[in-house]
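Student: I should like a close look at a single part of this structure, a residue towards one end of the chain. Please set out its surroundings and then relate them to the rest of the chain.

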Amino acid sequence: MKQITAIIKPFKLDEVREALGQVGVSGLTVTEVKGFGRQRGHTELYRGAEYVVDFLPKVKVEVVVTDDGLDAAIEAIIGAAKTGRIGDGKIFVTAVEQVIRIRTGEVDNEAI
């Protein structure tokens, strides 16, 4: 099993959720986060004063998938989140040792 953590632009969340659903991902966790990468933020003008926005709003999407479903889930996220412009985000994949569904006691693939 693998955990996919994707940092994406907030307005792409619905598209990513739908794309993951189409490849069989049944659940996900979403967190509103702030950060920056190579773009290093930007400057904005507010009431005539210029200021720097260091941390940009992003959304972190976390899903756990079987090893067989990993490639399809990654392709779904890329296809839905990509705009072709800077700041599209990143995908991180990590190994998951064990999953347990609290309500039923199911473990691993049955618990996903």
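**A residue after the final strand**

Tutor: Asp108 counts as partly exposed because its relative accessibility is 28%, where buried means under 20% relative accessible area, exposed over 50%, and partly exposed in between, with a 1.4 Å probe and protein chains only. The model is predicted: local features need pLDDT of at least 70, side-chain atom pairs count only at pLDDT 80 or more, and totals for chains, interfaces and linings use all residues. Residues are numbered from 1 along each chain as its sequence is written, and side-chain values use heavy atoms, leaving out hydrogens and water.

Asp108 belongs to the segment that follows β6 (89–95). Helices (H or I, at least four residues) and strands (E, at least two) are DSSP runs, numbered from the N terminus. Leaving out residues up to four places away in sequence, Asp108 touches Met1, Glu97, Gln98 and Val99; contact means heavy atoms within 4.5 Å. Between Asp108 and Val30 the sequence separation is 78 residues, and their C-alpha atoms lie 21 Å apart.

As for the setting, the chain holds 2 helices and 6 strands, in the order β-α-β-β-β-β-α-β from the N terminus. Of the contacts with a separation of 6 or more, 72% join residues 24 or more positions apart.

Thr5 offers a contrasting case within strand β1. At 14% relative accessibility, Thr5 counts as buried. Beyond its neighbours within four places in sequence, Thr5 is in contact with Lys60, Val61, Glu62, Lys90, Ile91 and Phe92.

The interior can be described next. The largest nonpolar core comprises 18 residues, and those with the most contacts inside it are Ile4, Ile8, Val16, Leu20, Val63 and Val65. Such a core is a set of buried Ala, Val, Leu, Ile, Met, Phe, Trp, Tyr and Cys residues joined through side-chain atoms within 4.5 Å. Two or more residues come from each of β1 (2–8), α1 (13–22), β5 (56–65) and α2 (70–81), and α2 supplies the largest share, 7 residues. Val16, again apart from residues up to four places away, touches Ile8, Ile77, Ala80 and Ala81.

Overall, buried residues make up 29% of the 112 residues. The C-alpha trace spans about 60 × 25 × 20 Å along its principal axes. The radius of gyration of the chain is 17 Å, whereas a compact globule of 112 residues would have one near 13 Å; this radius is taken over C-alpha atoms, and the globule rule is 2.2 Å times the number of residues to the power 0.38.
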